[in-house]
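Trainee: I'd like a close look at one strand of this model and the parts around it. Please start with the loop that follows the strand, and take your time.

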Amino acid sequence: MQFQQLQYFVAVAETRHFTRAADLVHVAQPSLSQQIKALERELGADLFQRARGNITLTDAGEALLPLARRILADADTARHEVQELAQLRRGRVRLGATPSVCTGLLPDVLRAFHDRYPGIRLLIEEGGSHDLVRELARGALDLALVVLPLPTPSPALTTVELLREDLVVVSSPDAQRPGEGRRTVRVADLEGERLVMFRHGYDLRELTVAACRAEGFEPDFAVEGGEMDAVLGFVRAGLGVAVVPRMVAARAGRGLRVTPLARPGLHRTIALAHRSDVAPPRAARELQRMLLER
């Protein structure tokens, strides 16, 4: 049974005329008649009683008509659903990002994407780069914003560098400026400072601790274990200083003093990652384009 045969059958059933049915479906009348006969042979029953000027449905035709209409309607619904997705009217994007990227980079881009494609659902998962790479590999995410270099490089992922961002030191305006009041501080100046530190698995934690050790000292933690918002809140309260991305510090609002790190400073590279073996859905590719062109 072919889909086209059902279309022809319904057209004849509704017009009760082979020639008018052929005009309705834009096919030659002999071709339509041949397809109807082929359908009848496959079903093993006549669908129409044919008399000059009078076409009526047989019992088999009456039984088939509602089923054929339902099949054609379902096919039309399927076509419409796929076209909606293809034209970015509906769908979803599953995006992973580190918490600091969610705070600093994503709000403006996601707002622009949502304004352009309001029917696309955005599902955001926050996590460290290691966790996001694992979620990408198992197909739970379409895209992820991760910090390079990856903790465990994976040949199954494609990464595209998005930006290189400076890190800065934030402190409470009520506390003494780190680095003895200078306009910039060196990583070495953080020796003796009480640091507000992120939880284990946070990319910024690993980067800051490694930089301190490279200068020959172990960082002193006043508080540790927080996410980005908690760390900024603890710094505002005067519990210590923290090393955060410049973009996050710029968005943090009042209550924080921002001090740049002296050259060469500290930096991080944000990359957009997706699986190499599976192309992201079209909506995800559009978000990818907007992120790269931001």
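**Around strand β5**

Mentor: Happy to. P149 lies in the loop between β5 and β6 (157-171). Helices (H or I, at least four residues) and strands (E, at least two) are DSSP runs, numbered from the N terminus. This is a predicted model, in which local features need pLDDT of at least 70 and side-chain atom pairs count only at pLDDT 80 or more, while totals for chains, interfaces and linings use all residues. Residues are numbered from 1 along each chain as its sequence is written, and side-chain values use heavy atoms, with hydrogens and water left out.

Look at the peptide bond between L148 and P149: it is cis, with an omega of about -5°. Most residues other than glycine have a negative phi, and most peptide bonds are trans. A second cis bond runs from R263 to P264, where omega is near 5°, and P264 sits in the loop between β10 (257-260) and β11.

Now step back into strand β5 (residues 143-148). Five of its six residues are buried, so β5 is largely enclosed by the rest of the structure. Buried here means under 20% relative accessible area, exposed means over 50%, and partly exposed is in between (1.4 Å probe, protein chains only).

What lies beside β5? Two strands pair if DSSP finds at least two bridges between them. Strand β3 (residues 91-97) runs parallel to β5 and is joined to it by three bridges; G96 stands opposite A144 of β5. With β11, β5 pairs in the antiparallel sense over five bridges. There, L148 has T269 of β11 as its bridge partner. So L148 takes part in two features worth finding on screen, because it pairs with T269 and also leads into the cis bond to P149. In a regular strand the side chains alternate between the two faces of the sheet.

That brings us to β11 (residues 267-275), which holds R268. R268 counts as buried because its relative accessibility is 4%. Its side chain makes a polar contact of 2.7 Å with the side chain of S100. A polar contact is a pair of N or O atoms within 3.5 Å; within protein, one must be able to donate a hydrogen and the other to accept it, and residues adjacent in sequence count only if both atoms are side-chain atoms. Contact in the broader sense means heavy atoms within 4.5 Å. Not counting residues up to four places away in sequence, R268 touches S100 and others, including V147, R164, E165, L204 and L207.

L204 leads us to helix α8 (residues 203-214). At 1.5 Å a residue, its 12 residues should span 16 Å, and its end C-alpha atoms are 17 Å apart, which agrees; the expected span is 1.5 Å times one less than the number of residues. The buried residues of α8 are L204, R205, T208, V209, A211 and C212. Seen down the axis of α8, they fall within an arc of 160°, so they line one face of the helix. That arc is taken from the directions from the helix axis to the C-beta atoms. After α8 comes G216, with a positive phi near 90°.

C212 deserves a word of its own, since a cysteine invites a question about disulfides. C212 counts as buried because its relative accessibility is 0%, and C102 also counts as buried, at 15%. A disulfide is a covalent bond between the sulfur atoms of two cysteines. Taking a disulfide as a pair of cysteine sulfur atoms within 2.5 Å, the count comes to zero.

For a last stop, try L232 in helix α9 (residues 228-236). L232 is buried, with a relative accessible area of 4%. Leaving aside neighbours within four places in sequence, L232 is in contact with V170, V244, V248, A252 and L256. G255 is 23 residues from L232 in sequence, and their C-alpha atoms are 9.3 Å apart in space.
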